[in-house]
Amino acid sequence: PPHHTHTQAHGKRVRLRSLRVWHDDAKYYQRGEGDRTNGFLALADDGWLGTKEGRHSELLQPPFTTAKHMQLVHEQLRFVRSGMLLAALLGRQFVMPRMACLYDKWWAEHNGTIPASKMDQPIRDCPMDHILELNVLNTHQQWLPRQHSFLQHEDMPPALKQSRLNVSLREFSKSAPGSLSALVSALRPGGHGQIGSMHTLVVSSIPDVYHMLHPSDQVRFFFFFF
């Protein structure tokens with residue numbers, strides 16, 4: 001029989017999109033929101049989870065504690081913050097990586113998972129609303145990431161799926177703050193070769209973009225990340 005769920009809450013829509021059962025119009029896949037008209041930017045291999053540190057982290061092993069949950073989330077948020085900032089500097093919409101967390105998010109006391117739920121720890125597909133404050137980001141749509149399954153959604157036109165390029169940023173990973181302009185120039189439209197013209201850039205070895213910013217620019221972005 002058919003089922004119905006209300007979708008007034010931002011988190012529910014995000015979860016349905018992540019499951020690829022929410023259908024958006026073509027514009028949702030063609031370009032980002034507001035000034036994000038140059039396509040999309042994603043992190044390769046699920047960001048921190050795909051690094052050697054992330055794959056073998058003891059944070060994903062029991063016993064599970066609140067302190068380990070917070071540390072696990074913050075390790076991943078460092079990558080998300082860099083991805084969101086780099087996407088903004090390039091005029092692209094950020095695509096959230098797959099995230100992991102240890103504790104379910106609920107409004108009552110619990111031991112990590114909602115009583116009677118079937119959620120296993122660690123939560124390998126941690127919902128975006130467990131990690132980000134969607135009520136805030138929803139008022140700034142250009143900062144609201146697309147869900148981690150966005151690039152695999154059946155509604156994305158094949159031509160756009162194929163317009164994707166993997167780019168390593170390893171040469172910038174240990175750069176001084178002044179090299180941010182070189183990083184942006186290498187990836188923006190009109191930069192090196194075909195990079196800037198691709199619909200989606202999938203970047204690996206992303207540097208800490210926040211700490212490459214000038215202090216005055218860090219203040220501008222502080223509201224979204226702290």
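What follows is a working chat about the sheet, the disulfide, one helix and the aromatic residues of this model.

Colleague: What kind of model is this, and how are residues numbered?
Modeller: This is a predicted model, where local features need pLDDT of at least 70, side-chain atom pairs count only at pLDDT 80 or more, and totals for chains, interfaces and linings use all residues. Residues are numbered from 1 along each chain as its sequence is written, and side-chain values use heavy atoms, with hydrogens and water left out.

Colleague: In what order do the strands of the sheet come?
Modeller: The order is E2-E1-E4-E3, four strands in an open sheet with parallel pairing. Strands (E, at least two residues) and helices (H or I, at least four) are DSSP runs numbered from the N terminus, and two strands pair if DSSP finds at least two bridges between them.

Colleague: Which strands stand at the edges?
Modeller: E2 (93-95) and E3 (164-168); each has a single partner strand, so one side of each is left without a neighbour in the sheet. From one strand to the next, the twist averages 25°.

Colleague: How many bridges join E1 to E2?
Modeller: Three, with E1 covering residues 40-43 and the two strands running parallel. Ala42 has Val95 in E2 as its bridge partner.

Colleague: Which helix packs there, touching E1 and E2?
Modeller: Helix H4 (residues 66-90) packs on the sheet and touches both strands, and its direction makes about 160° with that of E1. Contact means heavy atoms within 4.5 Å; axes are lines fitted to C-alpha atoms, for helices over the stretch in contact, and angles run from 0 to 180 degrees between N-to-C directions.

Colleague: And E3, which residues are on its covered face?
Modeller: Leu165 and Val167 are on the covered face, while Arg164, Asn166 and Ser168 are on the uncovered one. Five bridges join E3 to E4 (residues 200-204), again parallel, and Asn166 stands opposite Val202 in E4.

Colleague: Changing topic: how many disulfides?
Modeller: The structure holds one disulfide, a term used for a pair of cysteine sulfur atoms within 2.5 Å. Cys101 and Cys126 form it, with their sulfur atoms 2.0 Å apart. The link is right-handed, with 90° about the S-S bond.

Colleague: What does the pair tie together?
Modeller: Cys101 and Cys126 both lie in the loop between E2 and helix H5 (128-131), so the pair ties together parts that are 25 residues apart in sequence.

Colleague: Are those two buried or exposed?
Modeller: Both Cys101 and Cys126 are buried, meaning under 20% relative accessible area, with exposed over 50% and partly exposed in between (1.4 Å probe, protein chains only).

Colleague: Which residues of H8 are buried?
Modeller: In H8 (residues 180-187), Leu180, Leu183, Val184, Ala186 and Leu187 are buried. Seen down the axis, they fall within an arc of 160°, so they line one face of the helix; the arc is that of the directions from the helix axis to the C-beta atoms. Their cover includes H4, E3 and E4.

Colleague: How many aromatic pairs?
Modeller: Four. Rings of Phe, Tyr and Trp (its six-membered ring) pair if their centres lie within 6.5 Å; planes under 30 degrees apart count as stacked, over 60 as edge-to-face and the rest as tilted. Among them, Tyr28 and Tyr29 have ring centres 5.3 Å apart and planes at 85°, so that pair is edge-to-face. Tyr28 and Phe150 are also edge-to-face, at 5.7 Å centre to centre and 75° between the planes.

Colleague: Where do Tyr28 and Phe150 lie?
Modeller: Tyr28 is in helix H2 (residues 27-30) and Phe150 in the loop between H6 (134-137) and H7 (158-162), 122 residues apart. Both are buried.
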